[in-house]
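Student: I'd like to learn how to read a model like this one step by step. Could we start with the strands and work outwards?

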Amino acid sequence: MSNGNPSSSGAPPVRRVLEAVTGSLERRYASERRFRLLGRIAVITGLVFVGSLFLSIILTGYTGFKQTYLKVPVTFDQELLDPEGKRDPAALAAADFGALVKRAMQAAFPEVSGRGELRELFGLVSSGAEYQLQDMVEADPSLLGTTRDVWLLASDDIDMVVKGHIDRSVPEAERRVNDRPLAWLDALEKRGAVETRFNWGFFTRGDSREPELAGIGGAVMGSFYTLLVCLVIAFPIGVAAAVYLEEFAPKNRLTDLIEVNINNLAAVPSIVFGLLGLAVLINFFGMPRSAPVVGGLVLALMVLPTIIIAGRASLKSVPPSIREAALGVGASKMQTVFHHVLPLAMPGMMTGMIIGMAHALGETAPLLMIGMVAFVVDVPKGFFDPSTLLPVQVYLWADSPERAFVEKTAAAIIVLLAFLIAMNALAVYLRKRFERRW
Amino acid sequence: MSTPLLIAVLLGLAAAAYVFGRRRSVSLASGAGGVRHLHSLPSYYGSYAALWALIPALVVLSVWIAFRSTIVTELVVRQLPPEVQQLGADRLGLVLNDVRNLASGNVVSREVTSELRAAADHLKSLERISAAAMAVVVLSLGILGGGIAWRQISPRLRARNRVEGIVNVLLVTASTIAIFTTIGIVLSVLFESLRFFELVPISHFLFGLDWSPQMALRADQVGSSGAFGAIPLFTGTLMISGIAMLVAVPIGLMSAVYLSEYAERSFRAAAKPVLEVLAGIPTVVYGFFAALTVAPLVRDTGAMLGLQVASESALAAGLVMGIMIIPFVSSLSDDVINAVPQSMRDAAYALGATQSETVRQVILPAALPGIVGSILLAVSRAIGETMIVVMAAGLSAKLTANPLDSVTTVTVQIVTLLVGDQEFDSPKTLAAFALGLVLFVVTLGLNIFALHVVRKYREQYE
């Protein structure tokens, strides 16, 4: 009675504990199920995020690899293009191919007249169509004077209509493409003169303000040169630093300082490296803006910590018996490291290197700081040419207002991701192929 | 001679030095009775000569290249007429640009005067002299170095020790680059920031509530407030990072717990790499995803609920940033959870605890320091993230607590202030460096604090 416990109705203590436990079991199991469910929801949410990210990019981007062409009979008028009839390349280069395109379009739709309507008609084809014809004639001057059916590149708006990105049910005033061009397009379609083809030019051309002419060729080359600079600088320095710190460095203040620095640099926001590049490389040393050398240098400094940390890990995994055996037969410390330890650690270092390069390939922020966001039409041919990089190209296109650039952006992202996946797959393969268990 | 060609010739010279050095050592040894009478292997004599041919020449070459343009420009400026030299730095820069364009045969923006022509010719001749002198100096240094080393070669020369000594110096140099990078970062942001704080008081920068970095070109210009109070940027950054952490911490932590404690081996093997894919995706892709998919989704959902959502809302940027950070939280927490010894789990089960009770009352407390550390690292990652916010967050610095409103962040402002052509001395560009300094200090502080937490409170189970 003085116990104070209401449930103590005279039963033995063991029974009471058992009752309490079994009584609470249901509640505890329910909470167990809830917890497990929460965990499952978390994982599934994460997976859904991955899935929706990839899906949204791929669904937006796959049409970017295709481009619409219109078949138009073109009369390569000798009078217009080469009135002197000499087929002189210089004269052909200066000839008015724009007029040729206009005449061909007019001939295809003879009923169209009036300036406004004609401008709309000429708007069906891309402004790049004239260069297309020019290239044809320059390649084969015997075309002059003949009439051929030519597949001309359609303008980006027409391309969007064909791909179904422009809703025809919207009132004309709010639509990007008016009724008349749509009618002409339908007429062409009836003649079987509209086709979408794989857009090879997307991979070879440089940037352009016209979405149908824009390509990632320049950006890919820019990325290539930049990564080459980054590789040439970061790999030797990274390997040397890893070797020194892991094999030779005495335990002292300097070594500690270096290690602290490397670990901290690995966590510094990438944009700060861009500030470093801007202040030191461009403003102090006067290196050129927008050049792959500067980009490569900045990226090299950025990935160096990653490479050093990976390199040290792979040196650490080489067992001491290898070193002792080499030292035992009279090799010097340096010979031991360079002839025996380093070759065995090399696959691991290569893996770290590739992962670092993949990181560098996807990096954008520091490059914005050093002026690699320029609009570059030409494909860069060297380390000092102004150039842009694949991720920066994505950023530039994502900012462009034209509807057609959305799919180009997503297509460029698909290419970028393909490169990254290939690099990571190579790293995984190397690790699997050369990994040794001692 | 162009620089790549020069480097190629230099490498050829080094190769020749190697061959001759090696040959000399062998021939000297054959006089003394065979290679075993040499102190080192013949290849070390070759390497010794090659290193001597290469290294001094390369050092001179890189110093020359680093200072070439500065010196040449300085000499050209001295030769310009005095009234041009009196111009301000930016005007002078324009003139120099024209001189350079004229010299390289490009389009020039102004009338070509005889002075401009003379300056261009001077620039051209200076550059020619510089290139020629560089080639002569570097190559003769290479030959001289190789020759001296070649002369030194004798059977008693301790070539291996010397080569190893040089290699050791190179290794030390390579590993000190990390220190120099840090020093470079600190100095570059610090110097520009100090110049900024001369123009704008530091208290105004750190505690001001108004950010509008438009500077007046003329004194009477409208809207040239030039206010540099960074508080709205800090709050914007904190809000977006906060939203990101609200997404990333629960999802990341719970999936780490689920994958390491509950999931079957095959599911874990499949799901973990897929989640880690998120860490390898370039941030510009996230930015595009945020702007293309998530921001419209958030806006439409808000409109359905009758809420006013800005098209560049902090919520959208924060959500996507949270997705990006999930793998940081989950894989770091996963490591920490796996480091908790199995015996502790077994003990809890033996006492009758359910699995979730074990996780909540035994494993998570034991792993807490590591988890806190990983969250701190993730926060520092979120604060320094640039591309997502540049593409999905706004530009206007608003002091607001509404996540549906558009806010701007420190990194966005750094990018907008520095992208495009600006003169380098305006408070606008200098402000970017001051923001960079804040960013660097804060992320560094967070990292050091995270490491400290992990070290100090880590339970030792061995």
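Tutor: Sure. Two strands pair if DSSP finds at least two bridges between them. Keep in mind that this is a predicted model.

Student: Which strand of chain A pairs with strand β3 (residues 194-198), and in what sense?

Tutor: That's strand β1 (residues 66-75) of chain A, which runs antiparallel to β3(A) over five bridges. For a landmark, find Q67(A): it stands opposite R197(A) in β3(A). β1(A) also pairs with strand β2 (residues 147-153) of chain A, again in the antiparallel sense, over seven bridges. There, try L70(A), whose bridge partner in β2(A) is L152(A).

Student: What does the secondary structure of chain A come to overall?

Tutor: Count 18 helices and three strands. Now for the overall shape. The radius of gyration of chain A is 33 Å, well over the 22 Å from the globule rule for 438 residues, so the chain is more spread out than a compact globule. The box tells you about its dimensions: along the principal axes, the C-alpha atoms of chain A fill roughly 110 × 80 × 40 Å.

Student: What share of chain A counts as buried?

Tutor: Of its 438 residues, 42% do. You can also look at how contacts are spread along the sequence. Take those in chain A between residues at least 6 apart: 76% of them join residues at least 24 apart.

Student: How is chain A divided into domains?

Tutor: The assignment gives domain 1 (13-62), domain 2 (65-204) and domain 3 (217-434). Between domain 2 and domain 3 of chain A, the C-alpha centres lie 45 Å apart. Their contact takes nine residues from domain 2 and five residues from domain 3. On the domain 2 side, the elements giving two or more residues are α7 (156-162) and α9 (201-204) of chain A. By class, that side has four nonpolar, two polar and three charged residues.

Student: And which domains does chain B have?

Tutor: Chain B is assigned domain 1 (3-157) and domain 2 (227-457). The C-alpha centres of these two domains of chain B are 48 Å apart.

Student: What about the interface between the chains? How many residues does the contact take from each of chain A and chain B?

Tutor: In general, the size of an interface is often given as the accessible area lost when the parts come together. Here we have residue counts: 67 residues from chain A and 70 residues from chain B. On the chain A side, helix α1 (residues 13-61) gives the largest share, 19 residues. Sort that side of chain A by class and you get 48 nonpolar, 15 polar and four charged residues.

Student: Are there any backbone oddities? Where in chain A does S290(A) lie?

Tutor: S290(A) sits in the loop between α12 (270-284) and α13 (292-316) of chain A. Check its phi: S290(A) is not a glycine, yet the angle is positive, about 60 degrees.

Student: Is S290(A) buried or exposed?

Tutor: The cut-off for buried is 20 or more other C-beta atoms within 10 Å. S290(A) has 22, so it counts as buried.

Student: Last one: where in chain A is confidence lowest, and where is it highest?

Tutor: As a rule, where pLDDT is low, the predicted coordinates should not be read in detail. Chain A averages a pLDDT of 86, with 97% of the residues scoring at least 70. Confidence is lowest in helix α3 (residues 89-94) of chain A, at a mean of 74, and highest in helix α14 (residues 320-328) of chain A, at 94.

Key. Residues numbered from 1 in each chain as written. Chains lettered and ligands numbered in written order. Predicted model: local features only at pLDDT ≥ 70, side-chain atom pairs only at ≥ 80, totals over all residues. Helix = DSSP H or I, 4+ residues; strand = E, 2+ residues; numbered from the N terminus. Contact = placed C-beta atoms within 7 Å. Nonpolar A, V, L, I, M, F, W, Y, C, P; charged D, E, K, R; others polar. pLDDT = per-residue confidence, 0-100. Rg over C-alpha atoms; globule rule 2.2 N^0.38 Å. Buried ≥ 20, exposed ≤ 12 C-beta atoms within 10 Å, placed from the backbone. Domains from an automatic or database assignment.
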